[in-house]
Amino acid sequence: MADFKTHIATSSVVGAGYGIAGYALLGAPSTCVLSAGLCGLAGTLPDLDSDSGVPVRETMTFASAVVPMLMIDRFQTMGWSHETIVLAGGILYFGVRFGVGALIKRYTVHRGMWHSLPAAAIFGLLAFLICSCDDMTLRLFKTGAVVLGFMVHLILDELWAVDLKKLRLKKSFGTAMKLWGNNRWGNVSVYAKLGFLVLFAIGDPIMMERIGIDDHGVPHVARELLVPPSTDAPSTTRVDNRGETTGTPFDPWDAIPTFKR
Ligand SMILES: [Zn+2]
């Protein structure tokens, strides 16, 4: 398998290309620089399952600092005060740094389901939930950066499993880009997490607001379709203006000129 340096170098180069392409298409320089960094970091995530010391610890430390900063937007949307945001950031830092790190170490096996396509989707959904912002395009762009970095790692691991000198596939071939592994419990666990995160992402209040579902759970679109407009209030627009307002009061007789005469 590729080592830590190869992984972070490759995902950083790919991330830089992703950022440049994003800047050309979308503008938003700060989002593009952040996405390039996220892609580079995501390229190290699958190997968090290997208990191999310093690189893993560095990734975890960096992630624990980045995650609270990425969540500031969400906290502000939730109307939290400055002090509460600082407190939440501190709790998140220690939670990710020590809590998540310990859980990964305890419950993962190297090249288990942490190296898999559903795991890439899980990290994408986590990024989607963490990187909340009003602009859905920029949010999806950051999500894409994490999935891309993760996928670059999986692809590199598979490429490293091809022995070009002896023209044969190593035993590890197929253990990175897989949909499921040999451990049934590992498969159930990863797909259950994926399912939960999909539900979380669908129920995300910011996303709900975006697609037009208010606090009462009634979609605006559905309401517009089902509730007929009030006939009591006089209309201020002409019937034939195709959605644009003319500014002149609507006279119904104008619509039927022959009867007016
Ligand atoms: Zn790996």
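How many helices and how many strands are there in the protein? With the whole chain displayed as a cartoon, you will find 12 helices and two strands, and you should keep in mind throughout the tour that this is a predicted model. Following the chain from the N terminus, the elements run α-α-α-α-α-α-α-β-β-α-α-α-α-α, so a colour ramp along the sequence is a convenient display.

Before selecting anything, consider the protein as a whole: buried residues make up 26% of its 261 residues, and among the contacts with a separation of 6 or more, 66% are accounted for by residues 24 or more positions apart.

**Stop 1: helices α1 and α7**

Select residues 4–26, which form helix α1, together with residues 136–160, which form α7. The two helices pack with their axes 9 Å apart and at an angle of about 150 degrees, and because that angle is over 145 degrees, α1 counts as roughly antiparallel to α7. The crossing of α1 and α7 is right-handed. To see the contact itself, show side chains on α1 for Thr6, His7, Thr10, Ser11, Val14, Gly15, Tyr18, Gly22 and Leu26, and on α7 for Thr137, Phe141, Ala145, Leu148, Gly149, Val152, His153 and Leu156. Coloured by character, the residues of this contact divide into eight nonpolar and nine polar, with no charged residue among them.

**Stop 2: helix α6**

Next select residues 117–130, helix α6, whose 14 residues should span 20 Å at 1.5 Å a residue; the end C-alpha atoms are 20 Å apart, which agrees with that expectation. Which residues of α6 are buried? They are Ala119, Ala120, Ile122, Phe123, Gly124, Leu125, Ala127, Phe128 and Ile130. If you now bring back the surrounding elements, the cover over these buried residues includes α2 (29–42), α3 (54–70), α7 (136–160) and α8 (184–202), so that α7, already seen packing with α1, appears here again as part of the cover.

**Stop 3: Val96 in helix α5**

Finally, select residues 82–107, helix α5, and pick out Val96 within this helix. Is Val96 buried, exposed or partly exposed? Val96 is partly exposed, because 18 other C-beta atoms lie within 10 Å, whereas 20 or more would be needed for a residue to count as buried. Leaving aside residues up to four places away in sequence, Val96 touches Ala63, Ser64 and Val67. A distance drawn from Val96 to Ala63, C-alpha to C-alpha, should read 7.5 Å, although the two residues are 33 residues apart in sequence.

How values were computed:
Residues numbered from 1 in each chain as written. Predicted model: local features only at pLDDT ≥ 70, side-chain atom pairs only at ≥ 80, totals over all residues. Helix = DSSP H or I, 4+ residues; strand = E, 2+ residues; numbered from the N terminus. Buried ≥ 20, exposed ≤ 12 C-beta atoms within 10 Å, placed from the backbone. Contact = placed C-beta atoms within 7 Å. Expected span 1.5 Å × (residues − 1). Axes fitted to C-alpha atoms, helices over the stretch in contact; angles between N-to-C directions. Parallel < 35°, antiparallel > 145°, perpendicular 65-115°, else oblique. Left-handed = near helix turned anticlockwise from the far one by under 90°. Nonpolar A, V, L, I, M, F, W, Y, C, P; charged D, E, K, R; others polar.
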